[in-house]
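Me: I've got a protein model to look at for class, and I'd like to talk it through. Can you walk me through its sheet and one of its loops?

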Amino acid sequence: MAALRALRWRRRLPGLVPRRLLGTAESPEERPQFPGASAEFAERLEFIQPNVLAGIPVYRVMDRQGHVLRPSEDPQLPKEQVLKLYKTMTLLNTMDRILYESQRQGRISFYMTNYGEEGTHVGSAAALEASDLVFGQYREAGVLLYRGYPLELFMAQCYGNASDPGKGRQMPVHYGCPERHFVTISSPLATQIPQAVGAAYAIKRADASRAVVCYFGEGAASEGDAHAGFNFAATLECPIVFFCRNNGYAISTPTSEQYRGDGIAARGPGYGLLSIRVDGNDVFAVYNATREARRRAVAENQPFLIEAMTYRIGHHSTSDDSSAYRSVDEVNYWDKQDHPISRLRHYMANRGWWDEEEEKGWRKSSRKMVLEAFEQAEREPKPPPHLLFSDVYLEMPPRLRRQCAELERHLETYGEHYPLQQFQK
């Protein structure tokens, strides 16, 4: 009988990892045999309360004055790299201000700023390898900027001019760059999540020693695509890092109305994802978490989930007025008291790496760079109209050729009614 019980125990259904409770003498066949759960039997009717467990802690390296709290957690980045982090964040901030104002002046149709979230961009970007594939949502311009994407191409994309790699077909802030392994932004929320998992699975199959990083907001995490992506990544054991920017608001929906659980990181264990919550305004905390998640994702073929807690200081977009759903005092607190740029500047000042004169000089020169790219983009013509029909099919089908010819005839007849002088010949 003992041998039979042992055989039964060895042949248990897969998916169940036994866990012996202290002081119990429960025999193997009396434990749950159900596949797909790690559990013990209970004799008391009790529902699990969502608020019983303490919230997942927020990992940080620096306090708000830029002091490293535990020396062992300091990534010890060289001065040159820390300066690159800072200059990328401030350059992004300057570009945001100029393009936001240009939209308000009617020069471009739309824009989304990154105010307050710069630390999540550059901290994670710095931790990646240049060959790692990035799927963004729409507020990750700093990742592309850190990878060396030129200001001229940011401007060209927002203006939709002839220099735009997307040939003017996308609305502003929908950047993309194959050379820098940054997949073109798509407007619908969360569609990038299962796509990123598919790319990660392909990388795993090719044994390419690369990772995929997929960015999204806490609002996008409510989409069904997030569930599908998390589950596929875990079950297929994909080398992917899910990076959630929890900035407090999904457009006008605050987190208190977005979910009732403990944020996004708390969902990870339910899917089988290794998860962590970090201070998104601490660029070193973001760097450490992303670097380790990326390393292990590649080495172990495991998916990771990072929830970066931050705050969206700007409006959701130029189509939004956030004063309708949050107070000025709330925004001012995050802008003045807990900003990722000021925190890193404090760190550099504490090290003697940055002073007021260098700050003034950099602000002046960075603004000059952005304005030069801005003025160049305004002078560029729009792409020729016939590009509306190209790049969809390898060979243009007859129906598209007919539509293209019809457009040409229409413009020949009624061209005086259109601003054709603004378009490239």
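Reply: Sure, here are some questions and answers about this predicted model.

Me: In what order do the six strands of the open sheet run?

Reply: Let's start at the edges, where each strand pairs on one side only: these are β2 (182-183) and β7 (274-279). Strands β1 and β3 pair in the parallel sense over three bridges. Going across the whole open sheet, where the pairing is parallel, the order is β2-β1-β3-β4-β8-β7.

Me: Which residue in β3 is the bridge partner of Val-134?

Reply: Look at strand β1, residues 133-135, which pairs with β3, residues 212-217. The partner of Val-134 in β3 is Val-213.

Me: What is the handedness of the crossover from β7 to β8?

Reply: These two strands pair in the parallel sense over six bridges, and one bridge joins Leu-274 to Phe-304 in β8. On the way from β7 to β8 the chain passes through α10, and this β-α-β crossover is right-handed.

Me: What angle does the direction of α10 make with that of β7?

Reply: Helix α10 covers residues 283-300 and packs on the sheet. There it touches β4, β7 and β8. Its direction and that of β7 make an angle of about 165°.

Me: Is Thr-113 buried or exposed?

Reply: Thr-113 sits in the loop between α2 and α3. Leaving out residues up to four places away in sequence, it touches Asp-96, Tyr-100, Arg-139, Gly-314 and His-315. Its relative accessibility is 4%, and the cut-off for buried is under 20%, so Thr-113 counts as buried.

Note on methods. Residues numbered from 1 in each chain as written. Predicted model: local features only at pLDDT ≥ 70, side-chain atom pairs only at ≥ 80, totals over all residues. Heavy atoms only, no water. Pairing = 2+ DSSP bridges. Helix = DSSP H or I, 4+ residues; strand = E, 2+ residues; numbered from the N terminus. Contact = heavy atoms within 4.5 Å. Axes fitted to C-alpha atoms, helices over the stretch in contact; angles between N-to-C directions. Buried < 20%, exposed > 50% of the residue type's maximum accessible area, 1.4 Å probe, protein only. Right-handed = clockwise from strand over helix to strand, strands pointing away.
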